[in-house]
Amino acid sequence: MTIDATQTPANPAFVLQKGATAKFSLRAPAGHAVMILLSLVCLFPVYWMILSSLRPANTLLDGGVWPTGLSLENYAYALKAIPIGRMLLNTVVISVVVTAFQLMTGLLAAYAFACYRFPFSRAVYSLMAMTWLIPLQVVMIPNYLLVARLGLLDSLTALILPHVASALSVMLLTQSMRAFPKEVLEAARMDGAGGWRMLWDIIVPSLRGTIASLTILIFISTWNEYFWPLLLSRTPENSVVQIGIQMFMTAEGTEWGPLMAASTMASLPILLLYVVLQRQVVQSFMKSGIR
């Protein structure tokens with residue numbers, strides 16, 4: 001007995017799958033075109049900043065989109081006008097130290113909240129989490145008075161001290177540790193492992209993705225800090241690169257060429273960090289849920 005293929009009823013699932021595939025194939029080029037267009041829109045300010053930093057002062061505002069007559073005179077002027085090398089070094093030191101301290105304090109506090117039960121633990125965690133909702137401007141003056149009475153004004157220590165702990169770090173690490181299998185910790189405890197060993201030998205290696213994402217988030221946030229250094233800094237040698245950029249904006253006018261050159265030098269480390277760790281950067285903002 002032979003079956004005529006033309007008389008065989010069509011498979012609804014196959015038709016639906018075929019239609020869905022065809023629909024996707026038609027939408028894919030349009031979707032890629034939109035993503036490319038949005039990427040160009042996002043990258044254009046960075047391109048314009050770099051291009052403006054390479055243009056002479058007399059052609060800065062008259063030039064077009066394409067690079068012509070480029071020079072490095074704006075970079076030479078910026079390096080001579082402010083100690084940008086020292087400012088970049090200060091910014092790197094502050095960002096690295098603040099990141100290390102926030103990770104350390106966050107890991108220890110999160111381990112206590114996630115793995116131990118003590119009186120008023122939920123109340124303490126709630127109060128700690130509420131501090132994250134307090135704007136920086138509210139605590140800026142009390143922190144300034146504390147640093148001033150300690151005699152730390154115009155120093156890198158003053159820029160680091162108020163940021164050694166972060167409620168955001170504690171909350172993200174606490175949620176990750178609470179999802180860690182309790183059976184593994186119980187087995188390690190039965191084998192004689194103490195709390196310190198369980199934290200560093202069992203939990204921390206399993207949270208490398210979260211820790212890497214949080215590290216990038218803290219580093220970028222500290223690198224872009226402006227108001228707190230502006231309040232405490234007195235000399236350029238003890239300031240950060242964000243303050244150095246602002247020095248090219250005076251009452252007499254804005255020196256756009258050197259300003260763009262300094263901005264390019266300040267943005268270069270973060271741009272390189274993003275290129276190298278692009279996936280971790282995206283995951284850090286997805287996990288934090290605040291940007």
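Does Phe219 count as buried or exposed, and what is its relative accessibility? In this predicted model, Phe219 has a relative accessibility of 17% and therefore counts as buried, since the cut-off for that class is under 20%. Phe219 belongs to helix α10, and its C-alpha atom is separated by 6.8 Å from that of Val96, although the two residues are 123 positions apart along the chain.

The helix that carries Phe219 also packs against another one: α10, which spans residues 208–223, and α7, which spans residues 167–178, have axes 11 Å apart and meet at an angle of about 170°. Because of that angle, α7 runs roughly antiparallel to α10, and the crossing of the two helices is right-handed.

A contrast to Phe219 is offered by Trp66, which is placed in the loop between α1 (12–53) and α2 (73–81) and is exposed, with a relative accessible area of 69%. Together with Phe44, Tyr47 and Val65, Trp66 forms a nonpolar patch on the surface, and the accessible area of these residues together is about 440 Å².

Turning to charged residues, side chains of opposite charge can pair when their charged atoms come close, and two salt bridges are found in the whole structure. In one, Arg189 and Glu186 meet at 3.2 Å, N to O; both residues lie in helix α8 (residues 182–190), three residues apart, or about one turn of the helix. Arg189 is partly exposed at 36%, and Glu186 is partly exposed at 43%. In the other, the closest N and O atoms of Arg197 and Asp201 are 3.7 Å apart, and because these residues are four apart in helix α9 (residues 195–206), about one helical turn separates them. Arg197 is exposed at 51%, and Asp201 counts as exposed at 52%.

How values were computed. Residues are numbered from 1 along each chain as its sequence is written. This is a predicted model: local features need pLDDT of at least 70, side-chain atom pairs count only at pLDDT 80 or more; totals for chains, interfaces and linings use all residues. Side-chain values use heavy atoms; hydrogens and water are left out. Patches are made of residues with over 30% relative accessible area and no salt bridge: like charges are joined within 9 Å, nonpolar side chains (Val, Leu, Ile, Met, Phe, Trp, Tyr) within 5 Å. Accessible areas come from the Shrake-Rupley method with a 1.4 Å probe; for residues, only the protein chains shown count as cover. A salt bridge is a side-chain nitrogen of Lys or Arg within 4 Å of a carboxyl oxygen of Asp or Glu. Buried means under 20% relative accessible area, exposed over 50%, partly exposed in between (1.4 Å probe, protein chains only). Axes are lines fitted to C-alpha atoms, for helices over the stretch in contact, and angles run from 0 to 180 degrees between N-to-C directions. Angles under 35 degrees count as roughly parallel, over 145 as roughly antiparallel, 65 to 115 as roughly perpendicular and the rest as oblique. A crossing is left-handed if the near helix is turned anticlockwise from the far one by less than a right angle, and right-handed if clockwise.
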